[in-house]
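Student: I would like a close look at a single part of this model, the protein surface that faces one of the DNA strands. Please take me through it in one connected account.

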Protein chains: 2
Amino acid sequence: MTRERSIPEAALPRLALYLRVLGELTENGAERVSSDELASATGVNSAKLRKDLSYIGSNGTRGVGYEIAPLMHALEGTLGLTQNRSVALVGIGNLGHALVGYSGFAERGFRISALFDVDPDLVGIPIGGIVVEHTRRIPEVCPERGVTIGVVATPGQAAQGACDLLVDAGVRCILNFAPVVLQVPSEVDVRKVDLAVELQILSFHASQHGPGTLPRVVNR
Amino acid sequence: MTRERSIPEAALPRLALYLRVLGELTENGAERVSSDELASATGVNSAKLRKDLSYIGSNGTRGVGYEIAPLMHALEGTLGLTQNRSVALVGIGNLGHALVGYSGFAERGFRISALFDVDPDLVGIPIGGIVVEHTRRIPEVCPERGVTIGVVATPGQAAQGACDLLVDAGVRCILNFAPVVLQVPSEVDVRKVDLAVELQILSFHASQHGPGTLPRVVNR
DNA sequence: TGGTGTGAAGGCGTTCACAGCT
DNA sequence: AGCTGTGAACGCCTTCACACCA
């Protein structure tokens, strides 16, 4: 049994990517892939891909390729997706609504099982089949519903408070959409998605590209 | 004149972060910061922070710290934020709506100046003051409005088509929310935000943390 | 033969520690 | 005295190239 040793952080998003693309290949009827095929479908260098898969105690066949189904199971196991994870969402504004409606979560085994907001017009209303609770009830509701992941989609000034409540409720993993640096105890994992930062990075590249970056109709 | 040499890709998100936090400090009346102060406010190691700032031809004063205003200008210049960038958004579903309503863009100099969708019920309707155009009009409308950044928020199967139209329209920078690997010519920059991938990475960490990851009410 | 798995080399980014300026 | 700016060391990740096996 190949015993895998600590997977590099940098490999994790790629593992998730492989899993998704393998799912698409399966829908198209494929049962095997080579590292070259999967590499070009994912835009990853094939050597890197093989190394990534070797981290999870790889199951390819030399001279042949990878059997898709067992590979997907290995990936799901590694990513902890076998235990269906239940997610709490705090902040039901524009973005929160969008997240509730986002089918990608359910498709990949994440169930939004609690919604929170402070707006009295929202509390008590069901959205996507789940009744919005008041934010102050986080410490009570989250343990009841087995929440392991919290998503913060509040305005900036409310984010730290929401985060603190989630941590109190025993949530160890937080996805933060608010443009704020959350302070958490070291055992809590925070991932940040900052849309404006993404645009600023693109803006940097835009100003590098051609110094004359006036858009124009290009060769087609 | 300290001439900066190519900024590491890894530093860019941090530069954007420094800029935001410096803005907050300014609102609180501060005029100077030390690297230690800014480091703890951003959660970045102070040596790394100083090195990051040195990439942009740093403007600190030894023994004192950084003058906030000129530092912010330097950051804005580096990130290409002096030229107000105009953004096109393709796909006005849940997420698209949320993005239109997201104030963080405007606050940081990004103006959404074109909206596109294929839904006939949406085309012609103004959202946030901008009339939705049919997606097929991208190559015509984007150059007219000086769009330099395209945001793809369509369903997966429509994403590549939307992307192709944007590239045809001369857009060189694309932010992709669709769970799809976009194929683009090498001169085009794509950044990806995949919400499900973020959750999967958290899920991995959750399954590492304590093997017994049942949520419970913790010490407070 | 053909494609995986992997040591070894190389490159990039972070961290250290201190020289140098104010 | 204090804090910035930065060479140098370190470590992680990627890339290479080939041994190994079906």
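**A buried threonine, then the DNA-facing surface**

Tutor: In this predicted model, one residue set in a loop may be described before the surface you ask about: B:Thr135 is buried, at a relative accessible area of 10%, which falls under the 20% cut-off for that class. The loop that holds B:Thr135 runs between strand S7 (130-134) and helix H7 (138-144) of chain B, and, neighbours within four places in sequence left aside, B:Thr135 is in contact with B:Val90, B:Phe116, B:Asp117, B:Val118 and B:Leu165.

Turning to DNA strand C, there are 24 residues around this strand, of which A:Ser35, A:Arg50, A:Ser58, A:Tyr66 and B:Arg14 come nearest. By class, this surface has 11 polar, 8 charged and 5 nonpolar residues. On the DNA side, 58% of the strand C atoms within 4 Å of the protein belong to sugar or phosphate, while the rest belong to bases.

Individual atom pairs involve each of these parts of the strand. An N or O atom in the side chain of A:Arg50 is 2.8 Å from a base nitrogen of DNA strand C, whereas a polar side-chain atom of A:Tyr66 lies 2.7 Å from a phosphate oxygen. From chain B, a polar backbone atom of B:Arg62 is 3.3 Å from a sugar or linking oxygen of the strand. The elements that give two or more residues to this surface are helix H3 (46-55), strand S2 (60-61) and strand S3 (65-67) of chain A, together with helix H3 (46-55) of chain B; the largest share, 4 residues, comes from H3(B).

Conventions. Residues are numbered from 1 along each chain as its sequence is written. Chains are lettered from A and ligands numbered from 1 in the order in which they are written. This is a predicted model: local features need pLDDT of at least 70, side-chain atom pairs count only at pLDDT 80 or more; totals for chains, interfaces and linings use all residues. Side-chain values use heavy atoms; hydrogens and water are left out. Buried means under 20% relative accessible area, exposed over 50%, partly exposed in between (1.4 Å probe, protein chains only). Contact means heavy atoms within 4.5 Å. A residue is near a molecule or strand if one of its heavy atoms lies within 4 Å of it. A polar contact is a pair of N or O atoms within 3.5 Å; within protein, one must be able to donate a hydrogen and the other to accept it, and residues adjacent in sequence count only if both atoms are side-chain atoms. Ala, Val, Leu, Ile, Met, Phe, Trp, Tyr, Cys and Pro count as nonpolar, Asp, Glu, Lys and Arg as charged, and the others, Gly among them, as polar.
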